[in-house]
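Work through the exercises below with the sequence and the 3D view side by side. Try each task before reading its solution.

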Amino acid sequence: MKDRFSNEIGAKGPLKEWLDIEWKTIKKCVRNLRWRIYRAKQNSEWNKVRSLMKLMLRSYSNLLLSVQRVTQGNQGRRRTRIEIQTAKTPLERVKLVKEMLTYSLWQAKPAKKVCIPKANSKQCPLDILTVKNRVAQAVVKNGLEPIWEAEFETNSYGFRLDRSGHDALEQSWMRLQKGKDKWILDAKIKGPFDNISHEYILKAIGEIPGRELIKQWLKAGYVEAEVFHKTDRGTPQGRIISPLLANIAFDGMERLLAEYKMVKTYQCTKQVMGEAYTKKKKLDKYGFIRYADDFIITAQREEDIKAIIPTIEKWLSERGLELNKDKTNLVDIEQGFNFLGFNIRQFNGSCFIVPQKEKVKELLAEIRAWLKANPTSTQEGVIANLNPIIRGWGNYYRYGVSQRIFSYVDHEIWKSLWQWSLRRHSKRVGKQKGKGKEWVRKRYFKTFKGNKWTFAANVKNKYGKNETIAIYRLAKTPIQRYVKIKGTASPDDLSLTKYWV
């Protein structure tokens with residue numbers, strides 16, 4: 001990073017004020033470089049790829065964008081780090097940019113390991129890096145990511161640009177709808193971030209600029225309970241570049257499965273002569289969908305799935321990985337399986353994707369726990385706190401067959417709010433008696449947009465005018481069909497600019 005200079009790409013002069021930065025110009029400069037790297041990789045122009053990546057690593061615009069991401073755009077910036085420096089103010093960000101211009105990264109500092117609770121009562125380890133190392137990783141990622149975006153497989157959706165779990169779910173429905181695959185290997189990789197082979201990752205990325213930096217980050221180790229630990233494998237969670245490195249390690253399984261074909265025979269009739277003839281066509285024997293370390297393999301026959309498992313295990317072992325036996329199952333589509341918070345199952349010949357039962361219970365438990373912990377909150381406070389939770393949950397599950405589940409959740413939330421309202425006025429306070437149910441109903445529930453018994457309150461908005469706010473009703477969330485991303489389309493592909501508008 002010492003060869004970076006402040007009058008390089010995207011800089012008109014030394015940086016003085018953070019708020020004076022023209023972010024539209026900065027982002028355009030980085031985006032153009034990413035486009036050029038992607039195109040050079042597609043055309044197999046390796047010398048140009050290396051030259052453009054060097055340009056990206058030295059780009060002043062890339063540095064500014066990386067500092068902004070780490071200090072303003074990344075949620076992980078709020079976690080405690082080894083360094084005191086966090087760059088929370090504009091002045092501190094300017095200072096950080098100037099320090100990065102002369103900062104040497106060839107001896108990466110170890111991370112601080114912390115554990116955060118997961119939904120299943122287990123602990124998830126995260127590596128917390130110094131702010132300078134996080135900025136450096138964001139700089140390198142902007143150069144490395146477009147190279148691999150030109151390489152990644154069609155049905156890989158986790159931790160990638162403009163891809164989501166809904167793309168994976170839609171592809172699953174396409175493979176499992178009536179008349180197609182019936183058997184599924186629902187698999188999960190065991191400790192994916194902790195066990196990836198360093199040697200494999202370094203071999204896969206090849207001799208590119210920034211390779212030694214990546215090697216330093218992989219080998220830097222971590223500090224836990226004031227004790228230093230070496231890292232011989234893995235790319236721990238919590239690092240900006242870790243998801244990209246994990247995708248690099250997981251890449252290739254779909255191409256492996258594509259080597260297995262089956263021949264399907266069609267009975268056809270000539271339109272002119274009316275003569276019957278047979279037509280044979282080679283089709284993929286297996287379907288494949290992956291989101292991060294969760295993946296499913298589909299096939300028409302159970303024996304085909306059983307036959308491919310040893311091949312998958314061997315492929316994973318080359319990368320230092322293995323299947324998680326406890327979370328890997330062979331299931332029939334009529335039995336159904338859980339994937340990315342949904343349950344996928346075929347019923348009467350039709351494939352349905354519905355919200356997972358456990359996720360519904362988790363939402364209701366979260367709402368009930370909040371109401372129990374806040375018995376004295378105002379009605380406006382209840383609505384303000386619960387609406388984002390309910391609306392966000394509904395926006396994720398609106399692409400499934402969710403209307404019946406939404407109505408059920410609305411009813412359960414209503415019951416919880418009714419109990420919360422009664423508890424507030426059920427006890428005697430001195431000589432004052434508790435309020436009756438009719439009084440509680442008139443106090444907390446109103447007719448709102450034609451719906452009776454709606455938990456609603458009258459408040460004043462920012463303009464001083466009276467308005468009514470109400471608890472969000474999931475049943476009003478429109479159920480939509482998700483439009484899956486096309487093939488290997490990438491935002492780094494200049495020829496598809498109109499596609500992303």
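## Exercise 1: A sheet and its helices

Isoleucine 289 stands opposite isoleucine 296 in E9. The model is predicted: local features need pLDDT of at least 70, side-chain atom pairs count only at pLDDT 80 or more, and totals for chains, interfaces and linings use all residues. Residues are numbered from 1 along each chain as its sequence is written, and side-chain values use heavy atoms, with hydrogens and water left out.

**Task.** Find the order of the four strands in the open sheet, and state which strands stand at its edges.

**Solution.**
1. Start with E8 and E9 (residues 294-299): five bridges join them, and they run antiparallel. Strands pair if DSSP finds at least two bridges between them. Helices (H or I, at least four residues) and strands (E, at least two) are DSSP runs, numbered from the N terminus.
2. Extend to the whole open sheet. The order is E8-E9-E3-E10, with antiparallel pairing.
3. Look at the ends. E8 (287-291) and E10 (329-332) each have a single partner strand, so one side of each is left without a neighbour in the sheet.
4. Check the twist. Neighbouring strands are turned by 20° against each other on average, direction ignored.
5. Add helix H6 (residues 165-176). H6 packs on the sheet and touches E3 (183-188), E8 and E9; its direction makes about 165° with that of E8. Contact means heavy atoms within 4.5 Å. Axes are lines fitted to C-alpha atoms, for helices over the stretch in contact, and angles run from 0 to 180 degrees between N-to-C directions.
6. Add helix H12 (residues 302-317). H12 lies across E3, E9 and E10, at about 135° to E9.

## Exercise 2: Salt bridges

**Task.** Which parts does the salt bridge of lysine 325 with glutamate 313 tie together?

**Solution.**
1. Apply the cut-off: a side-chain nitrogen of Lys or Arg within 4 Å of a carboxyl oxygen of Asp or Glu. The whole structure holds 23 salt bridges.
2. Take the pair. The closest N and O atoms of lysine 325 and glutamate 313 are 2.5 Å apart.
3. Place both residues. Lysine 325 lies in the loop between H12 and E10 and glutamate 313 in helix H12, so the pair ties together parts twelve residues apart in sequence.
4. Check accessibility (buried under 20% relative accessible area, exposed over 50%, partly exposed in between; 1.4 Å probe, protein chains only). Lysine 325 is exposed at 57%. Glutamate 313 is partly exposed at 30%.
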